[in-house]
Amino acid sequence: MFLQRLNPSYKAVTIIVFIIFLATIFEPVTPLLFLIWTLAVTFLFGGVSLKKYLLYFTPFIIFALGMLWTSIAFADTPNNPSDTISLFGTSLPKESVLTALALSLRVLNVAALSLMFVFTTNIVHFILSMMQQLKLPPRIAYGVLAGYRFLPMLKDELMIIHDAHRIRGVNQAKTMREKWQNYKRYLIPLLASAIRKAERTAMAMESKGFTGDKSRSFYRQFSIQKQDFIFSIIMLIGFTISYLISYQLG
Amino acid sequence: MKPLLQVENLSLRYEMEKQNVLSSLNFKLNRGESVLLLGPSGSGKSTLTSCLNGLFPRELDGEMSGNVFVHGVENRETKPGERSQAVGVVFQDPETQFCMMTVEDEVAFGLENIGIAHQEMEEKIDSALALVNMLPYKKTDIATLSGGQKQKLALACILALKPELIILDEPTANLDPIATRDFISTLKDLKNNLNFGLIVIEHKLDGWTEITERVILLNQHGEIFHDGSIREVIKEKGQQLKEEGIWIPRVTEHILREHPYLQEPPLTVEEYRRNPVLLADREIDQPIKTESNTVPLLEAKDISWTVNKHEILHNISLTFHQGEFVAIVGANGSGKTSLSRMLAGLRQPTTGNLLVHGKPIKQWKESMLRQEIGYVFQNPEHQFITNTVYDEVAFSLQWKDMRPSQVQEKVEEILDTCGLLKLKHAHPFTLSQGQKRRLSVATMLIDNQSLLLLDEPTFGQDAHSNQELMKLLHKKHQTGATLIMITHDMDLIHDYATRVIIMKDGRVVEDCSPSELWKGDPEKLEAWQLTLPVAVQLKNIYEEEVNDVLTTT
């Protein structure tokens with residue numbers, strides 16, 4: 001798919017730029033329209049599965065609704081209290097409602113943009129391309145990559161330690177406090193083995209000639225191509241249209 | 001001509017320690033030559049690796065004296081990373097030597113480090129993978145490879161850099177026997193086709209003698225006590241080898257046990273075939289009579305276990321009686337560990353029932369169940385919960401109604417049997433590998449559980465600590481306890497087990513006594529990725545030869 005083929009760093013930078021753009025908008029129409037645009041781009045050019053998307057997007061919707069309610073309920077005293085609109089049978093000051101809507105839509109839009117990136121980007125490629133396009137030092141980049149491999153290992157290990165301690169008869173924790181103490185007990189074996197593993201990995205990397213030096217070649221090369229510019233243009237068109245329509249509506 | 005590798009007077013001491021890890025090492029290695037470097041755990045073998053590939057003294061917290069020359073150039077005179085092109089290392093732990101996700105990226109990592117041009121990489125990656133027969137796995141995720149495949153990948157990563165010296169740091173310590181055999185034979189082929197110097201660091205010798213017979217032996221103080229032919233050592237210093245905890249080839253050990261004065265004992269099964277000598281059948285200690293009419297200790301009825309729609313165990317029914325010594329074997333991923341966790345009541349089966357003393361496991365109180373069933377994990381550290389060896393053992397007694405003096409007496413008795421009494425104030429994490437293993441077994445012995453499950457307890461241990469461990473387990477078995485042990489070690493099964501259960505793809509495919517298994521179809525054994533124990537192999541060869549003689553005369 002189109003979004004998957006883009007240069008990850010360029011994609012990230014573009015998205016960050018639009019998040020900054022959004023932060024300068026204080027009315028609800030632009031974020032609403034741009035949100036629709038972002039969602040359309042994600043599904044048309046990213047082929048993201050709807051079910052998975054909803055699973056991750058729902059928490060943001062809940063969060064945005066919560067924000068909407070609190071910003072209306074705890075809004076500053078409006079300049080023009082007589083200008084009200086009626087909502088759910090109560091009349092509310094129009095100004096507060098609009099600010100609240102703008103805020104929550106902005107949250108949703110930032111979430112949609114981030115999810116667009118997360119669902120269409122291979123994290124490994126992102127890190128590799130950050131080294132190539134954004135001059136991220138290899139020392140940090142490969143550190144993160146090695147750490148990324150560790151996560152599932154740590155999860156497995158935590159399971160084993162949990163079982164092992166249960167066998168010793170410690171795991172009859174019922175209260176939160178006891179559970180917390182149990183987790184503290186897992187910490188030493190977990191840390192001991194993590195440190196040892198990290199050390200071994202570092203040794204192995206060094207003995208393959210890794211020095212953290214910036215002069216290195218790349219097997220997977222990432223470059224910025226025409227399609228990357230096309231992506232920015234698509235997003236820019238969407239943003240401009242949303243802005244213009246909102247301007248027309250006043 | 002200068003030798004490929006020359007080590008002169010190499011001594012090394014870590015910052016926090018009083019004694020040298022390595023003392024005055026001197027040896028040479030010529031181009032294309034191979035050597036086995038043997039020593040017990042804690043003899044500084046891995047430290048030596050870091051000295052040879054130039055990581056030390058740069059990264060060392062401590063003092064290092066003496067010189068290491070590769071092609072006449074001292075390691076200290078090279079830039080960081082430069083040595084890696086001449087000296088490649090494959091490490092012991094298959095899990096922690098990679099930093100990328102897929103096979104191709106990992107091989108590329110080394111090439112990138114030395115700045116190989118992008119256009120040349122693909123070809124170099126392919127040829128390196130082809131050398132170790134891993135080309136079909138080029139795009140595979142490293143996490144899904146087996147241990148043996150991971151070690152071959154590690155080797156490919158090194159080969160891609162075309163080093164002149166390859167160091168293997170206990171490369172097969174974490175592999176099962178079949179994967180070990182495969183790794184060694186891959187290496188043997190490579191050695192015939194490519195001209196690299198090879199140092200194999202090991203504590204067991206099986207298989208490696210086919211590659212080279214030159215050995216350098218380190219003792220516990222990090223000194224070289226022999227540099228020469230393996231045959232000489234076995235002849236002259238056999239006893240010392242044993243004391244240092246170095247495994248001599250199992251074939252040799254078996255034959256020397258019967259014929260201690262044999263001048264040229266064979267090192268491999270093939271050598272024995274050429275010159276077989278009579279071996280008497282060894283008596284296996286008779287297991288305590290099991291009374292099958294009593295209620296079985298543990299009964300699994302038709303248990304299955306499904307995780308994420310993936311069936312890990314499939315309709316398993318097993319009955320365990322008191323006094324059995326059961327071995328569970330099978331290839332990696334066949335469900336051995338899952339089954340053992342289930343039998344210990346750590347996991348609930350998706351369907352089916354587990355009965356302990358005839359009572360469903362769900363009706364047991366957790367604390368009561370733990371007094372019936374013990375479990376020794378593969379990595380002993382996972383089980384430690386307190387700060388001293390003494391507390392670790394005493395912890396298991398805290399719920400028992402015992403006077404403090406009784407507790408102390410009992411703990412010290414157990415520590416004494418396990419050879420840990422002197423270390424009772426030490427922190428469990430500071431013990432050596434073998435001591436940690438014994439401590440983890442001790443914590444399970446003190447509770448006097450009637451059933452003890454063990455998950456590959458002999459993994460990565462040296463010869464000496466293995467013997468100690470098996471002695472402990474044997475003693476426990478003699479008291480009438482039931483032991484269920486997951487293992488890859490067929491010799492262990494031959495020597496101790498009364499029953500073998502073979503697992504394949506989450507099913508029990510065989511459940512019989514060891515002697516029945518040895519007599520069975522050899523092709524089946526091959527399919528289950530099992531080998532015959534050395535003693536049985538030798539016996540079969542001897543009988544074949546005798547029959548040949550009988551039929552020809």
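How far apart do the C-alpha centres of domain 1 of chain A and domain 2 of chain A lie? The gap is 38 Å. Keep in mind that this is a predicted model. Here are my notes, going chain by chain and then to the contact between them.

1. **Domains of chain A.** The assignment splits chain A into domain 1, built from 2–123 plus 223–249, and domain 2, covering 138–207. So that you can place the 38 Å figure, it runs between the C-alpha centres of these two domains, as computed under the domain bounds of an automatic or database assignment.

2. **Make-up of chain A.** I count nothing by eye here: the secondary structure of chain A comes to 9 helices and 2 strands. Walking from the N terminus, the order is α-α-α-α-β-β-α-α-α-α-α. The radius of gyration is 24 Å, well over the 18 Å that the globule rule gives for 250 residues, so chain A is more spread out than a compact globule. Its C-alpha trace spans about 70 × 55 × 30 Å along the principal axes.

3. **Burial and contacts in chain A.** Of the 250 residues in chain A, 24% count as buried. Take the contacts between residues at least 6 apart in sequence: 80% of them join residues at least 24 apart.

4. **A spot to look at in chain A.** Have a look at A:R196, which sits in helix 8 (residues 176–207) of chain A. Is A:R196 buried, partly exposed or exposed? It has 13 C-beta neighbours inside 10 Å, so it counts as partly exposed; the exposed class would need 12 or fewer. Then jump along the chain to A:K226: A:R196 and A:K226 are 30 residues apart in sequence, yet their C-alpha atoms are 46 Å apart in space.

5. **Make-up of chain B.** Chain B has 19 helices and 20 strands. Its radius of gyration is 25 Å, which agrees with the value near 24 Å that a compact globule of 553 residues would have. The C-alpha trace spans about 75 × 70 × 55 Å along its principal axes. Of the 553 residues, 46% count as buried. Among the contacts in chain B with a separation of 6 or more, 71% come from residues 24 or more positions apart.

6. **Domains of chain B.** Here the assignment gives domain 1 (5–100 + 163–248) and domain 2 (298–518). Their C-alpha centres are separated by 34 Å. The two do touch: 12 residues of domain 1 of chain B are in contact with 9 residues of domain 2 of chain B. On the domain 1 side of that contact, the classes split into 5 nonpolar, 5 polar and 2 charged residues.

7. **The open sheet in chain B.** One sheet of chain B is open, with 4 strands in the order 2-1-4-5 and antiparallel pairing. Strand 2 (22–29) and strand 5 (73–74) are the edge strands, each pairing on one side only. Strand 1 (residues 5–14) is joined to strand 2 by 5 bridges, and the two run antiparallel. To find the register, start from B:Q6, which stands opposite B:K28 in strand 2.

8. **Strand 18 of chain B.** This is the part I'd open in the viewer. Strand 18 (residues 482–486) is mostly covered, with 5 of its 5 residues buried. Both faces are covered: B:T482, B:I484 and B:I486 are buried on one side, B:L483 and B:M485 on the other. Strand 18 also has parallel partners. Strand 13 (residues 325–329) is joined to strand 18 by 4 bridges, with B:A327 partnering B:M485. Strand 17 (residues 451–455) is joined to strand 18 by 5 bridges, again running parallel, and B:L452 stands opposite B:L483. Strand 17, helix 15 (residues 463–478) and strand 18 together make a right-handed β-α-β unit.

9. **Where the chains meet.** The contact between the chains takes 50 residues from chain B and 40 residues from chain A. On the chain B side, helix 2 (83–86), helix 3 (103–113), helix 4 (118–131), helix 11 (366–372) and strand 16 (373–376) each supply at least two residues. Which element gives the largest share of the side of chain B that touches chain A? That is helix 3 of chain B, with 7 residues. By class, this side of chain B has 26 nonpolar, 16 polar and 8 charged residues.

Technical notes:
Residues numbered from 1 in each chain as written. Chains lettered and ligands numbered in written order. Predicted model: local features only at pLDDT ≥ 70, side-chain atom pairs only at ≥ 80, totals over all residues. Contact = placed C-beta atoms within 7 Å. Nonpolar A, V, L, I, M, F, W, Y, C, P; charged D, E, K, R; others polar. Pairing = 2+ DSSP bridges. Buried ≥ 20, exposed ≤ 12 C-beta atoms within 10 Å, placed from the backbone. Right-handed = clockwise from strand over helix to strand, strands pointing away. Rg over C-alpha atoms; globule rule 2.2 N^0.38 Å.
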